[in-house]
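Please study the sequence and the structure shown below. The paragraphs that follow lead through selected side chains first, and then through the chain as a whole.

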Amino acid sequence: MTQDGRASARKAERGRPRPACPVDRAADGTWRVHDFAVARALLRAPGTVQAGLGVETVEKLPPRVRRPVLYRDGPEHREHRRQTARYFTPRRVDEHYREPMIRIAEEQLDTLRASGEAPLSDLAFGLAIGVVSEVVGLRYGRPGIRRRLERFFPEEFGEPGLTSVRGLYWLVRQNTNWLRIHLADVRPAIRAHRRRAHDDLISHLLAEGCSDVEILGECLTFAAAGMVTTREFVCLAAWHLFSDAELLHHYRTADEAGRLAVLRELLRLEPVIGRLRRRAVESVELSGPDGPVTVCPGEYVEVHLDDANADPVAVGEDPLLVRPDRAEAVGAGLSFGDGPHRCPGAHIALLETDVFLSRLFALDGVRMSGEPRVAFQEAIDGYEIRDLTVALPRAGRG
């Protein structure tokens with residue numbers, strides 16, 4: 001049950017009731033959007049730019065360095081998305097990435113078969129790293145990319161600077177981690193792509209004349225967007241399936257389209273990132289409880305995705321329960337964002353999750369061992385699922 005007494009199937013409950021008003025304002029002046037229609041209109045409309053997600057760090061880069069696509073807006077951003085859209089179409093994903101997904105998923109399950117049990121977050125991270133590496137072109141690095149990425153991703157997004165010991169430590173640590181990934185993973189990939197062009201993102205960036213630093217920034221952006229979020233969703237979806245026999249039976253007996261519908265509904269219910277932040281660069285009008293309200297230039301807006309995705313007007317009755325049949329109409333809600341910054345890898349993330357989970361749950365006797373715990377990344381209201389161990393009976397071990 002939620003705080004307001006409604007039945008809820010959420011595992012990663014953020015612990016706050018959904019406000020009755022579509023738009024309100026925090027004590028610090030930040031506008032907060034809870035309504036699906038208002039949120040989607042804001043994300044699709046001009047007048048705002050990215051905020052949060054570490055943009056404060058990126059803004060400290062020298063002006064001559066091109067920002068990663070996540071942190072760009074306007075015509076430059078639209079042109080980049082147009083040129084790279086072909087890497088993420090459903091047809092390309094099916095034709096180019098399905099087989100690597102299957103291979104990488106089986107490699108992770110071989111680890112489970114050999115040991116008999118394993119932390120699901122480790123298996124899921126191995127899956128996500130392998131798939132994103134295929135899409136981006138990071139196939140030539142030294143062993144140990146998982147450890148390097150774990151060191152890189154910060155415990156919290158901050159505003160590094162030289163005004164405090166903590167800020168200085170953060171800056172030194174992250175610069176060291178950038179350097180490790182550049183030397184061990186990105187530079188070898190760039191050299192290999194310069195020797196022979198590939199049909200992937202790194203070759204595209206080289207053809208555009210991007211520097212090594214700019215390519216490193218793009219690779220890390222895709223790592224954060226495609227690896228960490230997929231790891232958490234794989235764990236969250238598995239937790240639901242392990243603990244709901246009826247849903248698991250539905251998933252196991254469905255065809256691929258039906259399984260993907262289950263995953264979209266789970267992602268609608270439990271968006272990995274709970275909050276998107278935007279900054280107004282011109283006046284933006286939002287539909288408030290007492291009529292339109294105006295967000296002035298320089299003010300911030302937070303879109304609460306978990307609230308918007310539970311808007312009964314948009315998603316139907318019982319919005320906090322799992323109903324895979326609603327996915328045909330609403331998909332994953334706003335969990336992949338919307339508008340110019342909608343996640344380009346949405347289809348990749350869903351397909352790789354299904355490729356892995358459909359094989360995991362085909363293993364005889366697979367079970368969840370222990371009780372998972374949930375932590376939250378405060379800056380983005382993103383969940384982290386830990387201590388979810390999957391185990392096989394002795395007879396099923398390799």
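Glu378 counts as exposed, because its relative accessibility of 60% lies over the limit of 50%. In this predicted model, Glu378 forms a salt bridge with Arg275, and the closest N and O atoms of the two are 3.9 Å apart. This pair connects distant parts of the chain: Arg275 belongs to strand β5 (residues 275–280), whereas Glu378 sits in the loop between β10 (373–377) and β11 (382–386), 103 residues apart. Arg275 has a relative accessible area of 12% and is therefore buried, since buried means under 20%. The pair does not stand alone, for salt bridges that share partners join Arg14, Arg275, Arg277, Glu302, Glu378 and Asp381 into one network.

Strand β5 also contains Arg278. Is Arg278 buried or exposed? With a relative accessible area of 6%, Arg278 is buried. Its side chain meets that of Gln50 in a polar contact of 2.9 Å. Leaving aside residues up to four places away in sequence, the residues that Arg278 touches include Thr48, Val49, Asp73, Glu299, Tyr300 and His341.

How many salt bridges does the structure hold? The number is 31. One of them joins the side chains of Asp199 and Arg86, with a distance of 3.0 Å from N to O. Asp199 lies in the loop between α7 (165–195) and α8 (201–207), and Arg86 lies in the loop between α3 (75–84) and α4 (90–115), so this salt bridge ties together parts that are 113 residues apart in sequence. Both residues are partly exposed: the relative accessible area is 40% for Asp199 and 42% for Arg86.

A further salt bridge is formed by the side chains of Asp185 and Arg148, at 2.8 Å from N to O. Here, too, distant parts of the chain are linked, as Asp185 is in helix α7 and Arg148 in helix α6 (residues 145–152), 37 residues apart. Asp185 and Arg148 are both buried, whereas Asp199 is partly exposed.

Attention may now turn to a group of paired strands. Three strands form an open sheet in the order β4-β12-β9, and their pairing is antiparallel. Why is one side of β4 and of β9 left without a neighbour in the sheet? β4 (117–119) and β9 (367–369) stand at the edges and have a single partner strand each, so one side of each remains without a neighbour in the sheet. From one strand to the next, the twist averages 30°. The antiparallel pairing of β9 with strand β12 (residues 389–391) extends over three bridges. Within this pairing, Met368 has Val390 in β12 as its bridge partner.

Finally, the chain may be considered as a whole. The protein chain has 15 helices and twelve strands. It comprises 398 residues, of which 53% count as buried. Its accessible surface comes to about 18,200 Å², and 52% of that surface belongs to carbon and sulfur atoms. Among the contacts between residues at least 6 apart in sequence, 72% join residues at least 24 apart. The salt bridge between Asp199 and Arg86 likewise spans the sequence, tying together parts that are 113 residues apart.

Terms used:
Residues are numbered from 1 along each chain as its sequence is written. This is a predicted model: local features need pLDDT of at least 70, side-chain atom pairs count only at pLDDT 80 or more; totals for chains, interfaces and linings use all residues. Side-chain values use heavy atoms; hydrogens and water are left out. A salt bridge is a side-chain nitrogen of Lys or Arg within 4 Å of a carboxyl oxygen of Asp or Glu. Helices (H or I, at least four residues) and strands (E, at least two) are DSSP runs, numbered from the N terminus. Buried means under 20% relative accessible area, exposed over 50%, partly exposed in between (1.4 Å probe, protein chains only). Contact means heavy atoms within 4.5 Å. Accessible areas come from the Shrake-Rupley method with a 1.4 Å probe; for residues, only the protein chains shown count as cover. A polar contact is a pair of N or O atoms within 3.5 Å; within protein, one must be able to donate a hydrogen and the other to accept it, and residues adjacent in sequence count only if both atoms are side-chain atoms. Two strands pair if DSSP finds at least two bridges between them. Axes are lines fitted to C-alpha atoms, for helices over the stretch in contact, and angles run from 0 to 180 degrees between N-to-C directions.
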